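Student: Could we go through this model together, beginning with the overall dimensions and ending with a single residue?

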Amino acid sequence: KRQVDTHVFGMAARVSPQKDFSTLIEAAAMVAGKWPNCAFLIAGDYQQEAAHRSHFETLQPLLQATGMRDRFFFAGFQPEMSRFYAAIDTFVLSSNWEGLATTLLEAMMYRRPVVSTNVGGMSEAIDDGVNGFLVPPKSPGVLAERLLQIVSDHNLSKRMIENATRSLHEKFGETRFFEQVGQLYSDLL
């Protein structure tokens, strides 16, 4: 059971080198220095695949050195993600590379503010500062700054959620899909 004023940041990602947990852990230490009542919930495999177990082990010294070991909760693979999104306050995705992560779109759908590294297709979903934040990869200071902005400014968070809901429908909704399919067929004919 968490304290009412505890802010939970969540990342849905398997524990692998693609996902930049080192940057997230470093940023988390900075966030905790300014917002002591915070935790980080990770939904993604860290036990089943040997490569994920191995990468999880490489993160342990950094978790220990930064004092973040007790603030990171690894929930493992979650077949039903609605409980994860209900448990978090802010969604964060720290990656070295991505396409367009569906977890980012899910977080927006579940009305969670989002902060992501600006890699791959993330800018297709996030208009930086409008419906979420994009940060440069391997930039723990910038990531921490954006997370702290969201946690400390309720109006900003609320505005980003409203903008994200609107942009989800405009960019990825059913109407847009049918328009694009119709355009594709008309171009082929």
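Student: What radius of gyration does the protein chain have, and what would a compact globule have?

Tutor: The model is a predicted one, and its radius can be set against the globule rule. For 189 residues a compact globule would have a radius of gyration near 16 Å, and the value for the protein chain agrees with this. The C-alpha atoms fill a box of roughly 60 × 40 × 30 Å along the principal axes. The radius of gyration of the protein chain is 17 Å.

Student: In what pattern do the helices and strands of the protein chain follow one another along the sequence?

Tutor: The protein chain has 8 helices and 6 strands. Read along the sequence, they follow the pattern β-α-β-α-β-α-β-α-β-α-β-α-α-α.

Student: Which share of the contacts with a separation of 6 or more comes from residues 24 or more positions apart?

Tutor: Of the 189 residues in the protein chain, 48% are buried. Among the contacts with a separation of 6 or more, the share from residues 24 or more positions apart is 66%.

Student: Is Asn163 buried or exposed?

Tutor: Asn163 has its place in helix H7, which covers residues 154–172. Leaving aside neighbours within four places in sequence, Asn163 is in contact with Val130 and Asn131. Because the relative accessible area of Asn163 is 18% and the cut-off is under 20%, Asn163 counts as buried.

Student: How far apart are the mean positions of the positive and negative charges?

Tutor: The protein chain has 18 positive and 21 negative charges. Their mean positions are apart by 6 Å.

Key
Residues are numbered from 1 along each chain as its sequence is written. This is a predicted model: local features need pLDDT of at least 70, side-chain atom pairs count only at pLDDT 80 or more; totals for chains, interfaces and linings use all residues. Side-chain values use heavy atoms; hydrogens and water are left out. Helices (H or I, at least four residues) and strands (E, at least two) are DSSP runs, numbered from the N terminus. The radius of gyration is taken over C-alpha atoms; the globule rule is 2.2 Å times the number of residues to the power 0.38. Buried means under 20% relative accessible area, exposed over 50%, partly exposed in between (1.4 Å probe, protein chains only). Contact means heavy atoms within 4.5 Å. Lys and Arg count as positive and Asp and Glu as negative; His and the chain ends are not counted. The place of a charge is taken as NZ of Lys, CZ of Arg, CG of Asp or CD of Glu.
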